[in-house]
Amino acid sequence: IGLTLNLENTGKTTINIKQDTEGIQKTVNDFVSGYNSIVSKIQDLTKYDEDTKTAGVFQNESTISSIPRDLSSNLFNSFTMDTATKKDRNGQDYDVNISLNATDFGFTMNRTGFLDFDSSKFADFLKTKPDKVEDFLSGDDGAFTKMLDSINSLTQGPNSTLELLSQQYTNEEKSYQSTIDKTQDRLNARYETMAAQFASYDSMINSYNIQSQTIIQAIDAMVASK
């Protein structure tokens with residue numbers, strides 16, 4: 001795959017084709033770094049800080065907080081079959097079927113939710129059983145194959161999980177804005193009613209004050225006439 005031979009002259013030649021173990025190792029290291037970056041970002045978005053009493057944007061959003069768990073499940077619930085040679089009680093060799101999982105290839109999950117990777121353990125498998133590494137990572141039911149399917153279901157297409165979540169937030173924002181607008185309209189109408197009432201009260205008070213002055217003047221005149 002990816003190899004082109006152009007034969008221009010007859011003769012003898014020697015072609016050596018070897019596996020790019022360093023490239024594969026770098027790819028897996030990049031994957032671990034990328035995975036841990038995703039976990040770190042999601043932890044920041046979903047955490048609650050007791051000291052500052054502040055919550056992440058997605059603190060109670062299970063769709064977001066479950067992403068690392070789903071991806072790690074794809075990695076650690078994947079297996080590939082192999083055979084191992086053992087000896088029976090008579091010292092005779094016999095083969096048994098065994099399953100290889102992520103830990104056999106150097107992957108472990110630490111207590112903080114991040115991936116640790118034993119590159120030397122992976123390199124040993126890549127050197128001695130490259131077909132098992134390929135099957136575990138990129139086979140039809142391999143770990144990376146499952147992860148890619150999960151990521152596609154999260155991000156690809158109008159019915160993807162994150163797209164539907166985005167639509168949900170958009171609809172909620174529109175609903176909240178509609179509620180705010182209606183509440184503001186009711187407040188404005190109430191304010192106009194109250195303003196009209198206050199204007200009426202002010203007019204009534206002015207009229208009362210004028211009438212009061214008239215009564216006081218009449219009383220004063222009556223007192224003066226005596």
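**Exercise 1. Determine whether aspartate 141 is buried or exposed in this predicted model, and identify the lysine that its side chain meets in a salt bridge.**

*Solution.*
Step 1. Aspartate 141 has a relative accessible area of 53%.
Step 2. A residue counts as exposed when this value is over 50%; aspartate 141 is therefore exposed.
Step 3. The partner of aspartate 141 is lysine 146, with an N to O distance of 3.9 Å.
Step 4. The limit for a salt bridge is 4 Å, and the pair of aspartate 141 and lysine 146 is accepted as a salt bridge.

**Exercise 2. Classify aspartate 44 and lysine 47 by accessibility, and state how far apart their closest N and O atoms are.**

*Solution.*
Step 1. The relative accessibility of aspartate 44 is 43%, and lysine 47 has a relative accessible area of 43%.
Step 2. Partly exposed residues lie between the limits of 20% and 50%, so aspartate 44 is partly exposed. By the same limits, lysine 47 is partly exposed.
Step 3. The closest N and O atoms of the two residues are 3.8 Å apart, and the pair forms a salt bridge.

**Exercise 3. Find the salt-bridge partner of glutamate 50, and state how many salt bridges are counted in the model.**

*Solution.*
Step 1. Glutamate 50 pairs with lysine 53, and 3.4 Å separates their closest N and O atoms.
Step 2. Lysine 53 is exposed, at 55% relative accessibility.
Step 3. The count for the model comes to six salt bridges.

**Exercise 4. Describe the largest pocket: its volume, its lining and the helices that contribute to it.**

*Solution.*
Step 1. The largest pocket holds about 200 Å³ of space.
Step 2. Its lining consists of 11 residues, of which Ile24, Val133, Glu134, Leu137 and Ser138 are the closest to the centre.
Step 3. Helix H1 (21–46) and helix H5 (130–138) each provide at least two lining residues. The largest share, five residues, belongs to H5.
Step 4. By character, the lining comprises seven nonpolar residues, three polar and one charged.

**Exercise 5. Which residues line the second largest pocket, and which element gives the most to this lining?**

*Solution.*
Step 1. About 160 Å³ of space lies in the second largest pocket.
Step 2. The lining is formed by Ile38, Ile42, Ile64, Ile67, Leu71, Ile151, Leu154, Thr155 and Leu162.
Step 3. Two or more of the lining residues come from each of H1, helix H3 (67–76) and helix H6 (143–155). H6 gives the most, with three residues.
Step 4. Eight residues of this lining are nonpolar, one is polar and none is charged.

Definitions and conventions:
Residues numbered from 1 in each chain as written. Predicted model: local features only at pLDDT ≥ 70, side-chain atom pairs only at ≥ 80, totals over all residues. Heavy atoms only, no water. 1 Å grid on protein atoms, 1.4 Å probe; cavity = no way out; pocket = protein on both sides within 12 Å on 5 of 7 lines; lining within 4 Å. Points joined across faces, edges and corners; volume = space filled by probe spheres on them. Helix = DSSP H or I, 4+ residues; strand = E, 2+ residues; numbered from the N terminus. Nonpolar A, V, L, I, M, F, W, Y, C, P; charged D, E, K, R; others polar. Buried < 20%, exposed > 50% of the residue type's maximum accessible area, 1.4 Å probe, protein only.
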